[in-house]
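Let us take a friendly walk through a protein model together. Have a look at the chain below, and then we will go from the overall picture to some of the details.

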Amino acid sequence: MPGEDHLRKVVERGKYAPLYRSLRMRPDRRWPVSFTDIEAVLGFKLPESARLHRPWWSNQRNRRGYAHSLAWQLAGWRTAAVDLEHESLVFEREETIGDKAHPDTSPAPAGGNAIDLDRVFPPHNPGGWPAELPLRREDLYDDRGR
């Protein structure tokens, strides 16, 4: 498995390097941003999957994810409040200890070893169903979205 230094070098030369550099330069702890703003930073349009699938914006555990996810995570940020319908999200700085980011160091909630499921599994909002699709959502999914 490649080390973080190797991954950082790959990200610095990759397609999402402009986002990585932009996030590294930001002085604030939160950045509410639209998909259009991200495209302006990148210099190209996001793939359709970014607009249709919430998992595209997921923060990959152990930073062994896709190039786009590595770009924000290696810059020390994570995604939150992804809204596919309004094409927006919030980048938040990860809590840091020294120079290494440790997103899972928050104390456990009162009551012992409870897990914040909203943090581990962010709420999913699939957005609206595209009107131009010949299929209906009901033809593909049951009432629980499966």
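Start with how the chain meets itself: among contacts (heavy atoms within 4.5 Å) between residues at least 6 apart in sequence, 49% join residues at least 24 apart. Please keep in mind that this is a predicted model, in which local features need pLDDT of at least 70 and side-chain atom pairs count only at pLDDT 80 or more, while totals for chains, interfaces and linings use all residues. Residues are numbered from 1 along each chain as its sequence is written, and side-chain values use heavy atoms, leaving out hydrogens and water.

## The overall plan

The protein chain has seven helices and five strands. Here helices (H or I, at least four residues) and strands (E, at least two) are DSSP runs, numbered from the N terminus. In sequence order, the pattern reads α-α-β-α-α-α-β-β-β-β-α-α.

Of the 146 residues, 29% are buried. A residue is called buried under 20% relative accessible area, exposed over 50%, and partly exposed in between (1.4 Å probe, protein chains only). The chain exposes about 9800 Å², and carbon and sulfur atoms supply 53% of that area. Accessible areas come from the Shrake-Rupley method with a 1.4 Å probe, and for residues only the protein chains shown count as cover.

## The sheet

In which order do the strands of the open sheet stand? The order is E1-E3-E2, three strands with antiparallel pairing. Strand E1 (30–34) and strand E2 (77–83) are at the edges with a single partner strand each, so one side of each has no neighbour in the sheet. From one strand to the next, the twist averages 25 degrees. Two strands pair if DSSP finds at least two bridges between them. As background, strands of a sheet pair through backbone hydrogen bonds, either parallel or antiparallel.

Five bridges join E2 to strand E3 (residues 88–93), and Thr79 has Phe91 in E3 as its bridge partner. E1 and E3 are also joined by five bridges, again antiparallel, and here Pro32 stands opposite Val90 in E3. E1 has two faces: Trp31 and Val33 make up the covered one, while Arg30, Pro32 and Ser34 make up the uncovered one.

Helix H2 (residues 17–25) lies across E1, E2 and E3, at about 55 degrees to E3. Axes are lines fitted to C-alpha atoms, for helices over the stretch in contact, and angles run from 0 to 180 degrees between N-to-C directions.

## An enclosed helix

Helix H5 (67–74) deserves a look of its own. It is largely enclosed by the rest of the structure, because seven of its eight residues are buried. These are His68, Ser69, Leu70, Ala71, Trp72, Gln73 and Leu74. What covers the buried residues of H5 includes helix H1 (4–13), H2, E2 and E3.

## Aromatic rings

The structure holds eight aromatic pairs. Rings of Phe, Tyr and Trp (its six-membered ring) pair if their centres lie within 6.5 Å; planes under 30 degrees apart count as stacked, over 60 as edge-to-face and the rest as tilted. One of the pairs is Trp57 with Trp72, which is stacked at 5.8 Å centre to centre and 15 degrees between the planes. The two are 15 residues apart and link distant parts of the chain, with Trp57 in the loop between helix H4 (48–52) and H5, and Trp72 in H5. Both Trp57 and Trp72 are buried.

Ring pairs also build a cluster from Tyr16, Trp31, Phe35, Phe44, Trp56, Trp57, Trp72 and Phe91. The charged end of Lys15 sits over the ring of Phe44, 4.9 Å from its centre. For this, NZ of Lys or CZ of Arg must be within 6 Å of the ring centre and within 35 degrees of the ring normal.

Phe44 also touches Glu39, whose contacts beyond four places in sequence are Phe44, Lys45, Leu46 and Arg51. Glu39 lies in helix H3 (residues 35–42) and counts as buried because its relative accessibility is 9%.

## Positive phi angles

Most residues other than glycine have a negative phi. The table lists some positive values.

| Residue | Place | Phi |
|---|---|---|
| Gly76 | follows H5 | near 95 degrees |
| Ala81 | strand E2 | about 50 degrees |
| Glu87 | loop between E2 and E3 | near 50 degrees |

Ala81 is exposed, with 57% relative accessibility, whereas Glu87 is partly exposed, with a relative accessible area of 27%.
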